[in-house]
Amino acid sequence: MGKKKSGPFSGQRIDTTSKRNNFPTFFIIQRISQSNETFHGVSPFLVEKALTSSIGDAKSTKKLRSGDLLIEVESPKQAKEITKLKSLSTIPVTIKPHATLNSSKGVISCGELLNESEEKITEELKSQGVIHVRRITLRRDGQLLNTKHLILTFDSNKLPEHIKAGYMRLSVRTYIPNPLRCFKCQRFGHSKPSCRGTLTCARCAEVGHESNDCTRTEKCVNCKGEHTSFSRNCFAWKQEKEIISTKIKKQISYQEARKLVKSQTPTPGNSYVSAVKKSTAPSTQTNQDISADSTSKQSVPMPRTPPAITNLSNPSIPLLLCYLKHHSASI
């Protein structure tokens with residue numbers, strides 16, 4: 001019998017808020033300009049001095065591709081002070097919390113909450129930082145059915161390990177969404193309303209028609225494989241899923257996660273085995289046993305010459321000589 005794991009049972013009181021951040025930690029600073037100027041070209045020394053004199057040392061400061069600044073603060077005091085800023089030195093700015101980095105999503109599973117509404121659950125879990133609840137549903141035989149799985153959005157970028165739903169203690173798992181695929185061009189990363197691409201069939205990857213009535217051979221537009229563009233067996237879909245998972249778990253940008261996953265993923269068609277074989281290929285040095293006779297057509301090494309036998313009085317010697325004679329004849 002193994003040692004029984006210790007831990008509170010479902011009704012035991014637990015503190016789920018003591019280690020949580022209940023203030024926004026990421027802020028976007030945008031430059032106010034009549035000519036749409038950004039922080040591209042602005043001295044980083046000027047920005048750093050202006051921030052430090054206003055809120056102290058920020059945890060991190062990054063310039064985004066858009067030219068806006070992403071600031072991470074360390075304390076509620078800094079979060080309060082940064083929202084009061086109207087300018088950085090002589091540059092007028094607007095500051096607002098980041099739309100997604102200040103929250104996190106987790107999944108809980110509880111059959112006892114199956115008949116509770118999303119609004120009711122949100123209200124009951126509000127004191128634990130839950131700001132939104134969405135139930136996972138599935139379609140079966142044309143009907144949309146509720147499941148016991150719930151996606152919770154928290155007001156902090158740090159997920160709690162557990163929450164308390166009434167008398168029940170429920171584990172919180174990281175929510176990893178599926179890749180977003182456009183229903184128009186079939187590419188990942190955006191949706192149909194914002195698509196600038198060309199209408200492409202999700203079944204055959206040909207442009208100009210929908211997939212509803214298509215009967216052509218299956219082909220994926222993303223990896224060129226012999227399957228539809230919405231197949232879960234698609235290499236591109238799996239890689240995109242891994243990028244999203246890495247982004248969320250490591251709390252890094254999508255570009256950083258994509259670069260990391262790409263560097264760790266072999267090219268499609270090249271297995272890990274072939275990569276290992278390539279890296280461990282034999283050296284160009286010729287094996288002396290095989291190359292001793294260049295005219296030999298056999299690739300097996302010649303048998304070694306047995307050592308000279310001097311003690312013929314040993315009764316096992318005749319047997320040994322017989323074995324060696326037979327073995328040499330078979331070769």
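A polar contact is a pair of N or O atoms within 3.5 Å. The model discussed here is predicted.

Q: What makes the approach of Ser43 to Phe45 at the start of H1 a polar contact?
A: A side-chain oxygen of Ser43 comes to within 3.2 Å of the backbone nitrogen of Phe45. The cut-off is 3.5 Å for a pair of N or O atoms, so the pair counts.

Q: How do you know that the span of helix H1 fits its number of residues?
A: H1 covers residues 44-55, which is 12 residues. The expected span is 1.5 Å times one less than that number. This gives 16 Å, and the first and last C-alpha atoms of H1 are 16 Å apart.

Q: Why are Val47, Ala50, Leu51 and Ile55 of H1 said to be on the same side?
A: These four residues are buried. They cover an arc of only 95 degrees around the axis, so they share one side of H1. Phe45, Lys49 and Ser53 are exposed on the other side.

Q: What do the buried residues of H1 pack against?
A: Their partners include strand S1 (26-31), strand S2 (60-63) and helix H2 (76-82). Just after H1, Gly56 has a positive phi of about 90 degrees.

Q: How do you know that the span of helix H4 agrees with its number of residues?
A: H4 has 16 residues, 235-250. At 1.5 Å a residue they should span 22 Å. The end C-alpha atoms are 22 Å apart, so the two values agree.

Q: Why is Trp237 of H4 called buried?
A: Buried means under 20% relative accessible area, and Trp237 is classed as buried, so its value lies under that cut-off. The buried residues of H4 pack against helix H5 (254-264).

Methods. Residues are numbered from 1 along each chain as its sequence is written. This is a predicted model: local features need pLDDT of at least 70, side-chain atom pairs count only at pLDDT 80 or more; totals for chains, interfaces and linings use all residues. Side-chain values use heavy atoms; hydrogens and water are left out. Helices (H or I, at least four residues) and strands (E, at least two) are DSSP runs, numbered from the N terminus. Buried means under 20% relative accessible area, exposed over 50%, partly exposed in between (1.4 Å probe, protein chains only). Contact means heavy atoms within 4.5 Å. The arc is that of the directions from the helix axis to the C-beta atoms. A polar contact is a pair of N or O atoms within 3.5 Å; within protein, one must be able to donate a hydrogen and the other to accept it, and residues adjacent in sequence count only if both atoms are side-chain atoms.
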